Amino acid sequence: MRKHLRWAALLALVVAAPLAAQQDPAALVVRLQGEVQVRHGGSTAPATVGTRLVTGDEVLPASGARAILITRTGAQQVVTEATTIAEPRGSGNPDLFARAMSTLAQAASADARTAGGRQGMIRPIPGEPVLVAPRNGLTVTADRPAFSWMPVEGAASYTLQLRKVDGGRPMRFEVAMTEWTLPADHAALETGATYAWTVAPQGGRPTREQQFQVIGTADNELLASTLDEVRAMGLDPMVDGLFLTAVIFRDLGLFYDADVALRDLEKAGDMSADLYLLKGEILNVLGHEEEARKAFDKADAMMR
């Protein structure tokens, strides 16, 4: 579990991202409905999820539109009419704001763009069912995770072998497809345990193993309590709080879940340059180099 930096230190990192200013942000846009503009200094631009707002910025919703903000103090602010951002007041938990600031800043300054060629990237190998997910030692939140791999031409079926790394007999499953989930009639995977798995095409040799970990009890409780913090702000973690949920997953090292949350944000049309940078970073960690480059390219195009 990655430790969080102290709140005051995190805010200093924000200057690397779009629309940042020399002063500390007072608020952050986490959800938009309809057309919303932000006037910063002498210029006006469309607001996006992830836009940082400083004291004096103006949020300008069109008729019927609204912006949901979280402030530096951890309070929710719903803007439905022209509003000038003031110094935050009110009580709340500033931790989520700090995490979001840190996550966006790290994604903007990460070296993921130049990570091509490193170990852990998914690349086709002729005749081998390259393992796609879960891999790279990453953590999954499901105790019946979904497995996927690249097909082998001519293979009618595959043998998936799964073993607990610190002991236990290997389990073998005959699978017809290249996607498979541990069935309900089989014992769930052990909480906090590390597993290794491999796949062999019918009549062929198995691929090299990949490892992953099932989320532990303490981490799962931390995830649940953090999502409760989002609810305490009056936000639904899977709807208007989805951006914060993506940040939480990524912050806790749950990259598969963070990827799903960002895909949902993209479907809702809430992606910004910041979020495409974050998506690119996450996809690189997952091993999806080509998809990551596309996300970075989209971020670059939006920042021109």
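Biologist: Which residue in E4 stands opposite Ala 27?

Modeller: In this predicted model, strand E1, residues 27-33, pairs in the antiparallel sense with strand E4, residues 52-53, and two bridges link them. Within this pairing, the residue of E4 that stands opposite Ala 27 is Leu 53.

Biologist: What is the bridge partner of Val 29 in E6?

Modeller: Strand E1 also pairs with strand E6, which spans residues 66-71, and this antiparallel pairing runs over six bridges. In E6, the residue that forms the bridge with Val 29 is Leu 69.

Biologist: Is strand E1 largely enclosed by the rest of the structure or largely open?

Modeller: A residue counts as buried when its relative accessible area is under 20%. Six of the seven residues in strand E1 meet this condition, so the strand is, with respect to the rest of the structure, largely enclosed.

Biologist: Which strands are the edge strands of the open sheet E9-E11-E14?

Modeller: Three strands make up this open sheet, in the order E9-E11-E14, and their pairing is antiparallel. An edge strand here pairs on one side only, and this holds for E9 (131-133) and E14 (179-181), so the edge strands are E9 and E14.

Biologist: By how many degrees are neighbouring strands of this sheet turned against each other on average?

Modeller: The sheet in question is the open one with the order E9-E11-E14. When direction is ignored, its neighbouring strands are turned against each other, on average, by 25 degrees.

Biologist: Which residue in E11 is the bridge partner of Leu 131?

Modeller: Strand E9 runs antiparallel to strand E11, residues 146-149, and two bridges join them. The bridge partner of Leu 131 in E11 is Trp 149.

Notes. Residues numbered from 1 in each chain as written. Predicted model: local features only at pLDDT ≥ 70, side-chain atom pairs only at ≥ 80, totals over all residues. Heavy atoms only, no water. Buried < 20%, exposed > 50% of the residue type's maximum accessible area, 1.4 Å probe, protein only. Helix = DSSP H or I, 4+ residues; strand = E, 2+ residues; numbered from the N terminus. Axes fitted to C-alpha atoms, helices over the stretch in contact; angles between N-to-C directions.
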